[in-house]
Amino acid sequence: MGADQELKAPTILKVVCFFIPLVGLIIYACNISKNKNYANSCGIASLVGLLLPIVIAVIVIVSGAIYSNSLKNDSVFTSGQGISVEEQNEIKSVEGYMEQAKLELLNSYHNGNEQNVHYVIKTIFFKNNYNVTNSANISSENGKIIGYMTVRSQKGNNYMVDFSNNIVTKK
């Protein structure tokens, strides 16, 4: 090696600078005037060690935001290829009637005159032009509806209403 040639930092020191960026910045500041290559290699390793977690965090946050936006209708699950906007609106309606039935039964329970769970559900859905085709798996416990049932819209679409998990599924 010639006298004019500057040395680069050893690999182990670069690894230390990567994982502990403060060490790399101190080595950089101490060696910048004496040995620029040595100082630069430690400084670059520490900057990469400092910036890489920030870049990864931004990527994770952005991808999480994109993923969560794709799940806006997280209570809507279908067994088919996809559903139309009209069917999505029907599902939202069914979800609303499900909540209405739950509230009505809970209120009647707290008022001391608990109603028949099948009567409450069928009345609410029938008022809103849905036929309850199967409610045999529905029961109530302390004013809460448990189980699932099937309803049919006027358009002939069937939906599974799962009261236990708050899910409406197009069948």
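A residue counts as buried when its relative accessible area is under 20%. With that cut-off in hand, let's visit a small group of aromatic rings in this predicted model.

Phe125 is a good place to start: its relative accessible area is 0%, so this residue is buried. Tyr97 is buried as well. Tyr130 has a relative accessibility of 6%, and therefore it also counts as buried.

How do these side chains relate to one another? Ring pairs join Tyr97, Phe125 and Tyr130 into a cluster. Across the whole structure, a search turns up 4 aromatic pairs, and the table shows two pairs that involve Phe125.

| Pair | Centre to centre | Angle between planes | Geometry |
|---|---|---|---|
| Tyr97 and Phe125 | 5.8 Å | 85 degrees | edge-to-face |
| Phe125 and Tyr130 | 6.3 Å | 85 degrees | edge-to-face |

The pair of Tyr97 and Phe125 links distant parts of the chain, as the two residues are 28 residues apart. Tyr97 sits in helix 4 (residues 85-110), while Phe125 belongs to helix 5 (residues 117-127).

Now for the helices themselves. Helix 4 and helix 5 pack with their axes 9 Å apart, at an angle of about 140 degrees, and helix 4 passes helix 5 in a right-handed crossing. On the helix 4 side, the contact includes Val94, Tyr97, Met98 and Leu105; among the partners in helix 5 are Val120, Ile121, Ile124 and Phe125. By residue type, this contact of helix 4 with helix 5 divides into 10 nonpolar, 1 polar and 2 charged residues. Tyr97 and Phe125 thus appear both in the ring cluster and in the contact between the helices.

How values were computed. Residues are numbered from 1 along each chain as its sequence is written. This is a predicted model: local features need pLDDT of at least 70, side-chain atom pairs count only at pLDDT 80 or more; totals for chains, interfaces and linings use all residues. Side-chain values use heavy atoms; hydrogens and water are left out. Rings of Phe, Tyr and Trp (its six-membered ring) pair if their centres lie within 6.5 Å; planes under 30 degrees apart count as stacked, over 60 as edge-to-face and the rest as tilted. Helices (H or I, at least four residues) and strands (E, at least two) are DSSP runs, numbered from the N terminus. Buried means under 20% relative accessible area, exposed over 50%, partly exposed in between (1.4 Å probe, protein chains only). Axes are lines fitted to C-alpha atoms, for helices over the stretch in contact, and angles run from 0 to 180 degrees between N-to-C directions. A crossing is left-handed if the near helix is turned anticlockwise from the far one by less than a right angle, and right-handed if clockwise. Contact means heavy atoms within 4.5 Å. Ala, Val, Leu, Ile, Met, Phe, Trp, Tyr, Cys and Pro count as nonpolar, Asp, Glu, Lys and Arg as charged, and the others, Gly among them, as polar.
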